[in-house]
Amino acid sequence: MRYVVVSAIFSCLSQMAHAGGLQFQCGPMEGHSYYSEEGLFEGDSGWADNRINTETVISFDLDEGTIDYRINSLGRWVTPEMEGGGTSFINLDDDASFQFIAIWPNISTEVVTIAEVDAENYTAIMLLSQAKNGTLGANTSAFKGECKVASF
């Protein structure tokens, strides 16, 4: 069953791609975070507006069925694999949206959803759900950002 769903998604996304994959270039994201009352956040717990100003690039190789998830952190591109973690598909939907999990050891666990893929305008949105627990404290966040879609 998974093979049928994956094949349908690859077929739909392949219509947008001239070669073997799609790249989602996502800019700043707006959202909200909840900070627990512990660690350095002690006394400042609760919900707060939040923003991620970094650039994110997600390369989805349609031939291999793999994802390369990169974030520009302080002028340096990093991936979960560089930090000892990794990415894994969660699901692929028949409307060309997909979801994966990214594990950044000792940093965060993220669920990334690419949705509203627009084949005519080459745009999409990125939804990011992020959970952190460390010396700074525990927090969870939800963000939304706009993406440009390019083929490779």
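# Strands, a disulfide and a pocket

Guide: Strand 1 and strand 10 pair in the antiparallel sense, over 12 bridges. The model shown here is a predicted one.

Visitor: What makes strand 1 and strand 10 count as a pair?

Guide: Pairing takes at least two bridges between the strands. Strand 1 and strand 10 have 12, so they count as paired. One of these bridges sets Met 29 against Gly 145 in strand 10.

Visitor: Which bridge partner does Gln 25 have in strand 3?

Guide: The partner of Gln 25 is Val 57. Strand 1 and strand 3 are joined by 6 bridges, in the antiparallel sense. Strand 1 also pairs with strand 2, residues 46-52, over 7 antiparallel bridges. There, Gly 31 has Asn 50 of strand 2 opposite.

Visitor: How many helices and strands does the protein chain have?

Guide: The protein chain has 1 helix and 10 strands. In order from the N terminus, the helix is followed by the strands.

Visitor: Why is the link between Cys 26 and Cys 147 called a disulfide?

Guide: The sulfur atoms of Cys 26 and Cys 147 are 2.0 Å apart. The cut-off is 2.5 Å, so the pair is a disulfide. A search of the whole structure finds 1 disulfide. The angle about its S-S bond is 100°, and the link of Cys 26 and Cys 147 is right-handed.

Visitor: What does the pair of Cys 26 and Cys 147 tie together?

Guide: Cys 26 belongs to strand 1 (residues 21-35) and Cys 147 to strand 10 (residues 137-151), so the pair ties together parts 121 residues apart in sequence.

Visitor: How do you know whether Cys 26 is buried or exposed?

Guide: Buried means under 20% relative accessible area. Cys 26 has 2%, so Cys 26 is buried. Cys 147 has 4% and therefore also counts as buried.

Visitor: What about Val 117: buried or exposed?

Guide: Val 117, a residue of strand 8, has 16% relative accessibility and so counts as buried. From Val 117 to Cys 147 the C-alpha distance is 9.1 Å, with their positions 30 residues apart in sequence. Across the protein chain of 152 residues, 41% are buried.

Visitor: Which residues touch the most other members of the largest nonpolar core?

Guide: They are Phe 24, Ile 58, Tyr 69, Phe 98, Ile 114 and Met 126, in a core of 28 residues. The elements giving two or more residues to this core include strand 1, strand 3 (56-61), strand 9 (123-134) and strand 10. In soluble globular proteins, nonpolar side chains tend to be buried together.

Visitor: What does Met 126 touch, leaving out residues up to four places away in sequence?

Guide: Among the residues Met 126 touches are Cys 26, Met 29, Ile 58, Tyr 69, Ile 114 and Cys 147. Both cysteines of the disulfide are thus in contact with Met 126.

Visitor: What is the volume of the largest pocket, and which residues are closest to its centre?

Guide: The volume of the largest pocket is about 430 Å³. Of its 25 lining residues, Thr 54, Ile 71, Glu 110, Gln 130 and Lys 132 are the closest to the centre.

Visitor: Which strand gives the most to the lining of the largest pocket?

Guide: Strand 9 gives the most, with 4 residues. Strand 1, strand 2 and strand 10 are among the elements that give two or more.

Methods
Residues are numbered from 1 along each chain as its sequence is written. This is a predicted model: local features need pLDDT of at least 70, side-chain atom pairs count only at pLDDT 80 or more; totals for chains, interfaces and linings use all residues. Side-chain values use heavy atoms; hydrogens and water are left out. Buried means under 20% relative accessible area, exposed over 50%, partly exposed in between (1.4 Å probe, protein chains only). A nonpolar core is a set of buried Ala, Val, Leu, Ile, Met, Phe, Trp, Tyr and Cys residues joined through side-chain atoms within 4.5 Å. Contact means heavy atoms within 4.5 Å. On a 1 Å grid over the protein atoms alone, a cavity is a set of points where a 1.4 Å probe fits but cannot get out, and a pocket is an open set with protein on both sides within 12 Å along at least five of seven lines; lining residues have an atom within 4 Å of a point. Grid points are joined across faces, edges and corners, and a volume is the space filled by probe spheres set on the points.
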